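I sat down with my coffee and this model to go through its metals, its inner spaces and one loop. Here are my entries, in the order I looked things up.

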Amino acid sequence: MTNQQIAQIFNHIADILEIQGENVFKIRAYQKAAETIANFTGDISALSEKELAELPGIGKAIAQKTKELVETGKLKYYEDLKKSEYAPLVELLQIQSVGPKHARLLYDRLGVKSISDLEKAAKQEKIRKLAGMGEKTEENILKGISALRKHKERIPIGEILPRVEIIFAELEKLKETKQALIAGSLRRFKETIGDADILIASEKPKPIMDAFVKIPQVTRVLSQGETKSSVITKDGFQVDLRVVEAESFGAAAHYFTGSKAHNVKIRTMAVRKGIKVNEYGIFKGKRRIASRTEEEVYKSLGMQWMPPEMREDWGEIELALKHKIPALVELKDIKGDLQMHSTWSDGWNSIEEMAQDGIDCGYEYIAITDHSPTLGITRGLTEERVYKQIEEIRKINKKYKNFRILTGIEVDVRENGQLDLPNSVLKELDIVVASIHTKFNLPKEQMTTRIIKALENPVVDILGHPTGRLLGKREPFEVDMEKIIKAAKANKKVLELNGCPDRLDLTDIYLKQAREKGVKIAISTDSHKNLHLKEWMRYGVGMARRGWLEKKDVVNTLPLDKFLKFLATP
Ligand code: DGT
Ligand code: CA
Ligand code: CA
Ligand code: ZN
């Protein structure tokens, strides 16, 4: 059994328990174990029961269950649980606005057992009549269902990239592999991915193809050819593999990285000059003038090489012809992380644990930005607790030499644009991130005014996840982004690029617009666990590069002293 399969079972158990209304600690225990197992770099099935119980978040009971699963391929407890009448309701939890309590209510009162039952009930306007639900909930459920269906077609990059990297590593280490590259939309760091494309240079494609279809993650082989094969993985996505000769690796890399729009534009341009471009090379008549590297390919067309994230035909070809491709921001430029949550609100780790991961990332600073009180569920910070947390952080900071925890908050922007805590409190903090977490469905104009009001508030530093979208789950709210960008500029406010791979908000086009207007961006992870700090920043940086951001456009590339000066400048 793979780590992922075991983790999935524990998550499934947690979901069923939650719908049954079991004790929170029991539910959390299974979630924590699943998290640990999914992130474990070795092979869980190779561990003894004792070693298992020593892993963080795994106690004796769960170690025992893990062993049973690994040894017998089954778990009695799980098999019994699956017979519970509530087990099928887990499917409903995939819908953004349906939590375990809702799922239970929908079942108890309306007999809803599946997503199609749910859709029927919503369309028949039965849900609005239930206690605590209403027309809005019903509408949101329908929206959630259609978002889920869309999501099934394209996969958020955060879900697919780490899994493709595992497959890629298997192929890269084969002795027949000369060069290897993850191409397609993954290389371009698009927020959602249709399928994964892997490109390999080799003189011996056959053993590579044989190894590819035998990788444990592969569940179905769609096609296996001499130079091209396609498979479906257990996680349900497609991987295309192409093997080419080393001689044409650059041309193939360019071709299979895309985007299609970028390729088409380049080909049309080349044709006008009497040059042919395809995946084997760049040809003048019969003569191949370039093919080995991407740099060579671009050069033969009179162009500068450009980062894959720019290849969308958004003006990058024109810049490359003038040799004016900007130096895009890189992961190593990032000096701090400006949004994250601790156990003080809805995070899983203490302030110190979050700081340790910040230090491990090589940062000079992080900001702790727990929630404000409006969000009842997340133990938001009251005025009193804000002061307490400032004290606590002051104490913790004494321990560090070249690292600083900045005090902060993610304060809610109310429907009328006012903040959830008074300015007299907020001004005591180093960083104030203002975000919207409620009333997503306001009319566009009202939403725009609401946000601009927050941007005009002198205590606000950063506008958090500016469009509120959740990839595959919630559409962005309606807002006039041009006006928001203008207001950010006028009030010298920073817009967040939330790097949590479910959000990636702002998205590329808006980042590009912000950059053109000279508005600064903060790339933050919005981590709710310490592990997220390390894992998520690269998605933020990838998205930033898709928006053509340079180091100077991103505030958290500033070293601590300069960043503090930046914050202090009105
Ligand atoms: P995806 O998979 O929908 O997220 O997006 P891509 O960009 O990975 O697209 P995919 O997998 O269909 O093809 C990979 C690359 O191969 C694509 O970025 C460009 C290239 N390509 C595919 N089909 C065509 C085509 O008809 N013309 C040209 N010029 N290039 C193509
Ligand atoms: Ca693809
Ligand atoms: Ca493909
Ligand atoms: Zn938030």
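**Cavities.** I started with enclosed spaces in this predicted model and counted three cavities of 30 Å³ or more. The largest cavity has a volume of about 60 Å³. Next I asked myself which residues line the largest cavity. I noted His 254, Tyr 255, Asn 263, Ile 266, Arg 267, Val 277 and Asn 278. The elements giving two or more residues to this lining are α12 (249-257), α13 (260-272) and β8 (275-278). I see that α13 supplies the largest share, three residues. By character, I wrote down three nonpolar, three polar and one charged for the lining of the largest cavity.

**Calcium.** I moved on to the calcium ion (ligand 2). Among the atoms that coordinate the calcium ion (ligand 2), I found Asp 195 (O), Asp 195 (OD) and Asp 197 (OD), at 2.2 to 2.5 Å. Why did I write "irregular" for the arrangement around the calcium ion (ligand 2)? I wrote it because the six donor atoms subtend angles of 70 to 167 degrees, and octahedral would need opposite donors over 155 degrees apart and all others between 65 and 115. I then looked for the calcium ion (ligand 3) and found it 3.7 Å from the calcium ion (ligand 2), with Asp 195 coordinating both. Is Asp 197 buried or exposed? Its relative accessible area is 12%, so I put Asp 197 down as buried, the cut-off being under 20%. Asp 195 comes out at 22%, so I listed Asp 195 as partly exposed.

**Zinc.** My next stop was the zinc ion (ligand 4), coordinated by Glu 410 (OE), His 437 (NE2) and His 465 (NE2) at 2.1 to 2.2 Å. I noted the sequence spacing of these donor residues as E-x26-H-x27-H. Glu 410 sits in strand β13, while His 465 is in the loop between β15 (462-463) and α20 (481-490). The two residues are 55 apart, and I marked them as a pair linking distant parts of the chain. I also checked burial here, and both Glu 410 and His 465 are buried.

**A loop.** Last, I looked up Asn 416, in the loop between β13 (404-412) and α18 (423-426). Its relative accessibility is 44%, so I entered Asn 416 as partly exposed. What does the side chain of Asn 416 have within reach of a polar atom? I found the backbone nitrogen of Gln 418 at 2.9 Å from a polar atom of that side chain. I also paired Asn 416 with Ala 454: they are 38 residues apart in sequence and 9.3 Å apart in space, C-alpha to C-alpha.

Key
Residues numbered from 1 in each chain as written. Chains lettered and ligands numbered in written order. Predicted model: local features only at pLDDT ≥ 70, side-chain atom pairs only at ≥ 80, totals over all residues. Heavy atoms only, no water. Donors = N, O, S within 2.8 Å, 3.2 Å for Na, K, Ca; no water. Tetrahedral: all angles 85-135°; square planar, octahedral: opposite > 155°, others 65-115°. Buried < 20%, exposed > 50% of the residue type's maximum accessible area, 1.4 Å probe, protein only. 1 Å grid on protein atoms, 1.4 Å probe; cavity = no way out; pocket = protein on both sides within 12 Å on 5 of 7 lines; lining within 4 Å. Points joined across faces, edges and corners; volume = space filled by probe spheres on them. Helix = DSSP H or I, 4+ residues; strand = E, 2+ residues; numbered from the N terminus. Nonpolar A, V, L, I, M, F, W, Y, C, P; charged D, E, K, R; others polar. Polar contact = N/O pair within 3.5 Å; in protein donor to acceptor, adjacent residues only side chain to side chain.
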